Amino acid sequence: MTKILILQNEISAYSVVTYNYIADKFDLTVAYFEKDKSKIDCKFSKIKLRSKCVGPFVFVKGVRKLARQFDVVTFLPNLRVFNYWILPFLPHTFKLINWSIGFRVSYTHPYVTNRKHTFADWLFMKILNSSDASIFYMDKSKEFWKNSSLDMSKVFVAPNTTNVIDSFFDENIKRNILFVGSLYKGKGIDLLINSFKKAIDKTNSNIKLIIVGDGEMRSEIETQISSCGLNHQVLLTGGIYDEKELVKHFESSLLCVSPTQGGLSVPKSMGYGVPFATRKDAITGGEIYHIHNGIDGILYDKDEELSDLLVDVIRHPKKYIEMGLKAKFYYEGHATPFHMAEGAIKAISYSLNS
């Protein structure tokens, strides 16, 4: 079988299902230098690499020597990880594919596709063009390069997503609003609680807000819940890491909300038949672009609109149940780990034949 090497910082738990699909087609090895977070059986080989940090940069040992043993190497074109992104500029006989968000995104460079290009973006584009193919997390990323010299014929999309398990979709038990994720300021949980308070004051509803997660803001959130008089309507569960337990909260929810950040919880929520709501300019790796606004989820403009959205959920639950069905339909047709693997396999096949 064709030998494939994937170079990553870590093996994320959510990526294993995708890698297993790729391993059904190729002899796959995943190399990493941080953590192996895999929680299920892996059909691929794993190699832990040694690394050294020098300031903000990471130098990974033995990358080029390892890469020579493979037919195709995919790598993360992170400018901080020198031994990965330098590969296209060194002599090599193997095919090279970069696999990433598609352009430079961080807290200082958010997912804005019409921002001005910098020198670092020019270097990033050189890495993309010097590779045999590129894999982007979302089609939206192509917009950043629309006026550049990037060869779009070599760009493939592997929609960034996560796996879901079997679940029930029973509209008769859908009665809650849900938040899932770590508890830190970047997600706007305080905004969600305040908006929820306004919504129930306006509707006199007994709907519940379920907050699943743990983190630095937990004690602050507990204080806010108490000061708002919401102890009986806001449930703070702590972290839930058993998917069979987590799925029960999705099954009972009308809407999943994260006001200012939308990552992999977006496709997870959609996969469980729950529409996702977040602000249009939320911090994201592109996952909010799974959402088709008003059809299978909500992208709102301003924080002030969130309480009105929650009022609408309370007064028109069937509307959000129907959105949830459409979200599930979208996920199953376009955003499963199989679809992510399919995009990567297309890029690999292209590179082998180019």
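## Strand β15 and its partners

In this predicted model, Arg279 of strand β15 stands opposite Tyr300 in β17, and β15 is joined to strand β17, which spans residues 297-300, by four bridges, the two strands running parallel. Towards strand β13 (residues 253-257), β15 again runs parallel, here with two bridges, and Phe276 in β15 is the bridge partner of Cys256.

Strand β15 itself covers residues 276-279, and both of its faces are covered: Phe276 and Thr278 lie on one side, Ala277 and Arg279 lie on the other, and all of these residues are buried. Such a division fits the general rule that in a regular strand the side chains alternate between the two faces of the sheet.

## The six-stranded sheet

These strands belong to an open sheet of six strands, with parallel pairing and the order β12-β11-β10-β13-β15-β17. Its edge strands are β12 (234-238) and β17, each of which pairs on one side only. On average, and with direction ignored, neighbouring strands of this sheet are turned by 20 degrees against each other.

Strand β10 (residues 176-180) is joined to β13 by three bridges, and the two run parallel; here Leu178 stands opposite Cys256 in β13. Cys256 is also the bridge partner of Phe276 in β15. Helix α10, formed by residues 317-334, lies across β13 and β17 and runs at about 70 degrees to β13.

## The packing of α5 against α9

Which angle and which distance between axes describe the packing of helix α5 and helix α9? Helix α5 (residues 189-203) packs with helix α9 (residues 305-315) at an angle of about 50 degrees, and their axes are 8 Å apart. Because of this angle, α5 is oblique to α9, and the crossing of the two helices is right-handed.

On the α5 side, the contact is made by Leu191, Leu192, Ser195, Phe196, Lys198, Ala199, Lys202 and Thr203, which meet Leu306, Ser307, Asp308, Leu310, Val311, Ile314 and Arg315 in α9. Taken by type, the residues of this contact of α5 with α9 divide into eight nonpolar, three polar and four charged.

## The loop after α5

Asn204 has its place in the loop between α5 and β11 (208-212). Its phi is near 55 degrees, a positive value in a residue other than glycine. With a relative accessible area of 71%, Asn204 is exposed, since the cut-off for that class is over 50%.

## Strands β1 and β2

Strand β1 (residues 3-7) has four of its five residues buried, so this strand is largely enclosed by the rest of the structure. Five bridges join β1 to strand β2 (residues 27-32), and these two strands run parallel; within this pairing, Asp27 in β2 is the bridge partner of Lys3.

## Ile345 in helix α11

Is Ile345, which lies in helix α11 (residues 337-353), buried or exposed? At 17% relative accessibility, Ile345 counts as buried, because the cut-off for that class is under 20%.

When its neighbours within four places in sequence are left aside, Ile345 is in contact with Tyr21, Ile22, Lys25 and Phe26. Ile345 and Lys318, by contrast, are 27 residues apart in sequence and, taken from C-alpha to C-alpha, 39 Å apart in space.

Key: Residues are numbered from 1 along each chain as its sequence is written. This is a predicted model: local features need pLDDT of at least 70, side-chain atom pairs count only at pLDDT 80 or more; totals for chains, interfaces and linings use all residues. Side-chain values use heavy atoms; hydrogens and water are left out. Axes are lines fitted to C-alpha atoms, for helices over the stretch in contact, and angles run from 0 to 180 degrees between N-to-C directions. Angles under 35 degrees count as roughly parallel, over 145 as roughly antiparallel, 65 to 115 as roughly perpendicular and the rest as oblique. A crossing is left-handed if the near helix is turned anticlockwise from the far one by less than a right angle, and right-handed if clockwise. Contact means heavy atoms within 4.5 Å. Ala, Val, Leu, Ile, Met, Phe, Trp, Tyr, Cys and Pro count as nonpolar, Asp, Glu, Lys and Arg as charged, and the others, Gly among them, as polar. Buried means under 20% relative accessible area, exposed over 50%, partly exposed in between (1.4 Å probe, protein chains only). Two strands pair if DSSP finds at least two bridges between them.
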